[in-house]
Amino acid sequence: MWRVVAPSSICVALGLITLGIFAQTFAFKFLNCDDDLFISENPRLTQGLSAKGLGWAFTANLIQDDANAEYWEPLTLVSRLADVQFSGLNAGAHHRTNVLLHLAAGLVLFGALRPLLRSDLRSGLIAALFLIHPLHVEPVAWLSARKDILNALFFFGTIWAYAHYAVRPSRRRFVLVCLVFLFANMAKPMAVSLPFVLLLLDFWPLRRLGWPLFNRAALRLFLEKVPLILVAAVIAILAVIDQQRHGAIGDNALYPLPVRLGSAAVGYCAYLVQTFVSTNLAILYPHPGTDLNWSLVVASAACLLLITALCLLNAKRRPWLFVGWSWFVVVLLPVSGLVQIGEMARADRYTYVSLVGIFLLCVQQASEWLNHPLVRRARWRTPSVAALICLILGAFAIVSWQQTKTWYDSISVFRHALAVTSDNYIAEANLGSALFDAGRKAEGIAHYNEAIRLHASALEHHRRTAIEAELRNQLPIAIHH
C-alpha cells in the first residue's frame, strides 16, 4: 500500500505538520541574545535591498570587519535585508520567513533522498523527522539561527544535485554541484563536512565506491571533490579568523585540550540521548570548563567507540549503519567543541543537519527488519507499521510544539533554560536584562547578581590575565581580557 502514496501528498503532509508546530512563532518576539545585535538593533539592515545594503551583505567580514555579522554569510544577510525591506522590524514576519525556509529545507531533503533511497515513504519519513524533531526547534524559533536553516537548505540541495550528477557525470552537472555548495557556505561556513558526506553517499546508496574504502576508486572520487574541499577550507579559515577577531574563541586556560576533547565526547552522547528522549532542551548549555565530569567522559568515549566498532563491523552487510553514523559524527565535528566557540558546551542547532544521519540509519534499518520474510507475510505488518509511524511522529510533534512555546520572548526562553540547566550564568544575565527592560528591576538585579556569583572564577581569570598582559606591554591581549 505504501507505493501508492504520491510524492505531492507527502509534501502536503510535511507542510501541514510543520506549520501546525511552528505557526505559533508568528506572534513571537525578538530575543535579547544575538537577535538585538544582528537584527532588531542592526542599523545596516535599514538599507534594505539597495545597492549599498547588498554591498554590505557581500563584503561584511570578507574585506571589512563588521560586528553586526557573525561570519562572511552574505546569503543570510540578504535574507535579513529582504525581511526588513518588506516587513520592517515586525518580529512575526521574520519568524514566518524562518518557518517557510525550514519547510523548504525539509522538502529539498525529501527531494534529495528520493533518487538515493528509491523510496518515497522512507524519504518522506526522514524529512518529517527532520522537520518536527524537538532538537530542531531552536534554529526555527531563534531568528539569529537563520544561517543554520539556509545552510541546511543548500546542503541538501548540493546532495540533490550530486545525486543527479552521480547518475551520469558531466562537467555541467558538477558545476551545478559546486554552485549550490558555494551557496551553502555563503549562508554559514558549516558546509566544510559536505564533501565527506558526498564520499559517504558514494559508498552507499550510490555504490560508486566499494568496501574497503581505501582503494583506487576512493582516490579518484576524493580527487573529484578537491575543488569543494578547497572552497570549504578557505571559508572555514576565514570563519575562524572572524571568530578570533570578535573574541568568540574560548580561552585555552579555561578550556585546555583535554577538557575540549572530553566535552566533545560528552556532547556527542548528549545529542544522541536527546535524539530519542528529547527532554531538558535549552537555548544555552553552560560549559563546565575544568570541572568536567571525567567519569562521564570515559563512559561517553566508550559508548562512541562501541557504536563506531559495530558500524564498521557491519559496513559491508549493512552499509547504511556506517554511512548514517559517519554522517552524524563528521557533520558535528566542526562544532563539537574541539575548537571552543563561546562559553557553551553544545547547542541544539548544531544537530540541524547532523541528525539526518541518525534518521537515515534508523529508518533504513527498520526497513530491513520489516522486509524480513516472516514479517513481510504477517497480516499485522501494514497497520502496525502505520500506527508506529503515527505514534513516533505524533510524540515528537507534541514535544516540539511544547518546546516551541518556551521561545515566545527573552523572559520565557531564559526562564526555561534556568529550569532545565544548572549554573547557567549566561541565562541568568540575559533573564536579568529582559526583566530589567520590562520594568521589573528588582528581579532583574537579583539575576544579574546570580550571574556574577556563578561566573566569578572565570571573571577573576580574565582580570588576572589582563593585568599580566598589560605588565608585559601586550595591550591588545589585555584589552581583549
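Which helices each supply at least two residues of the lining of the second largest pocket? In this predicted model, the helices that do so are α6 (120–132), α13 (257–276), α16 (351–370) and α18 (381–405). The space in the second largest pocket amounts to about 1100 Å³, and of the 32 residues that line this pocket, Arg122, Val363, Ala366, Ser367 and Leu370 are the closest to its centre. Helix α16 provides the largest share of the lining, with 9 residues. When the lining of the second largest pocket is divided by class, 20 residues are nonpolar, 7 are polar and 5 are charged.

Enclosed space was examined next. The count comes to 2 cavities of 30 Å³ or more. The largest cavity, with a volume of about 90 Å³, is lined by Asp148, Asn151, Phe155, Lys188, Met190, Val331, Arg349, Tyr350, Tyr352 and Val353. Helices α8 (146–167) and α16 each supply at least two residues of this lining, and α8 gives the most, with 3 residues. In the lining of the largest cavity, 6 residues are nonpolar, 1 is polar and 3 are charged. The second largest cavity has a volume of about 30 Å³, and the residues that line it are Ser263, Ala264, Gly267, Tyr271, Val335, Ser336, Ala345 and Arg346. Here helix α13 and strand β2 (344–346) each supply at least two residues, with α13 giving the most, 4 residues. The lining of the second largest cavity divides into 4 nonpolar residues, 3 polar residues and 1 charged residue. Helix α16 thus appears in the linings of both the second largest pocket and the largest cavity, while α13 appears in those of the second largest pocket and the second largest cavity.

Several backbone features fall in the loop between α10 (194–203) and α11 (216–224). The peptide bond from Trp204 to Pro205 is cis, with omega near 10°, and Pro205 is placed in this loop. A cis peptide bond also runs from Trp211 to Pro212, with omega near 5°, and Pro212 likewise has its place in the loop between α10 and α11. Arg207, which lies in that loop as well, has a phi near 60°, a positive value in a residue other than glycine. Arg207 is classed as exposed because its relative accessible area, 55%, is over the 50% cut-off. Another residue other than glycine with a positive phi is Asn61, for which the value is near 65°; Asn61 is found in the loop between α3 (51–59) and α4 (74–87). With a relative accessibility of 2%, Asn61 counts as buried.

The structure holds 15 salt bridges. In one of them, Asp66 is paired with Arg44, and the closest N and O atoms are 3.3 Å apart. This pair links distant parts of the chain, 22 residues apart, with Asp66 in the loop between α3 and α4 and Arg44 in the loop between α2 (35–40) and α3. The relative accessible area of Asp66 is 4%, and this residue is therefore buried, whereas Arg44, at 29%, is partly exposed. A salt bridge also joins the side chains of Arg146 and Asp83, with an N to O distance of 2.7 Å. Because Arg146 lies in helix α8 and Asp83 in helix α4, the pair ties together parts that are 63 residues apart in sequence. Both partners fall under the 20% limit for burial, since the relative accessibility is 2% for Arg146 and 7% for Asp83.

A salt bridge within a single helix is formed by Arg453 and Glu450, with the closest N and O atoms 2.6 Å apart. Both residues lie in helix α21 (residues 441–454), and they are 3 residues apart, about one turn of the helix. Arg453 is exposed, with a relative accessible area of 54%, while Glu450 is partly exposed, at 25%. Asp202, Arg208, Glu224 and Lys225 are joined into one network by salt bridges that share partners.

At the surface, Leu49, Leu54, Phe58 and Phe86 make a nonpolar patch of about 370 Å². Of these residues, Phe86 lies in helix α4 (residues 74–87), and its relative accessibility of 66% places it in the exposed class.

Definitions and conventions. Residues are numbered from 1 along each chain as its sequence is written. This is a predicted model: local features need pLDDT of at least 70, side-chain atom pairs count only at pLDDT 80 or more; totals for chains, interfaces and linings use all residues. Side-chain values use heavy atoms; hydrogens and water are left out. On a 1 Å grid over the protein atoms alone, a cavity is a set of points where a 1.4 Å probe fits but cannot get out, and a pocket is an open set with protein on both sides within 12 Å along at least five of seven lines; lining residues have an atom within 4 Å of a point. Grid points are joined across faces, edges and corners, and a volume is the space filled by probe spheres set on the points. Ala, Val, Leu, Ile, Met, Phe, Trp, Tyr, Cys and Pro count as nonpolar, Asp, Glu, Lys and Arg as charged, and the others, Gly among them, as polar. Patches are made of residues with over 30% relative accessible area and no salt bridge: like charges are joined within 9 Å, nonpolar side chains (Val, Leu, Ile, Met, Phe, Trp, Tyr) within 5 Å. Accessible areas come from the Shrake-Rupley method with a 1.4 Å probe; for residues, only the protein chains shown count as cover. A salt bridge is a side-chain nitrogen of Lys or Arg within 4 Å of a carboxyl oxygen of Asp or Glu. Buried means under 20% relative accessible area, exposed over 50%, partly exposed in between (1.4 Å probe, protein chains only).
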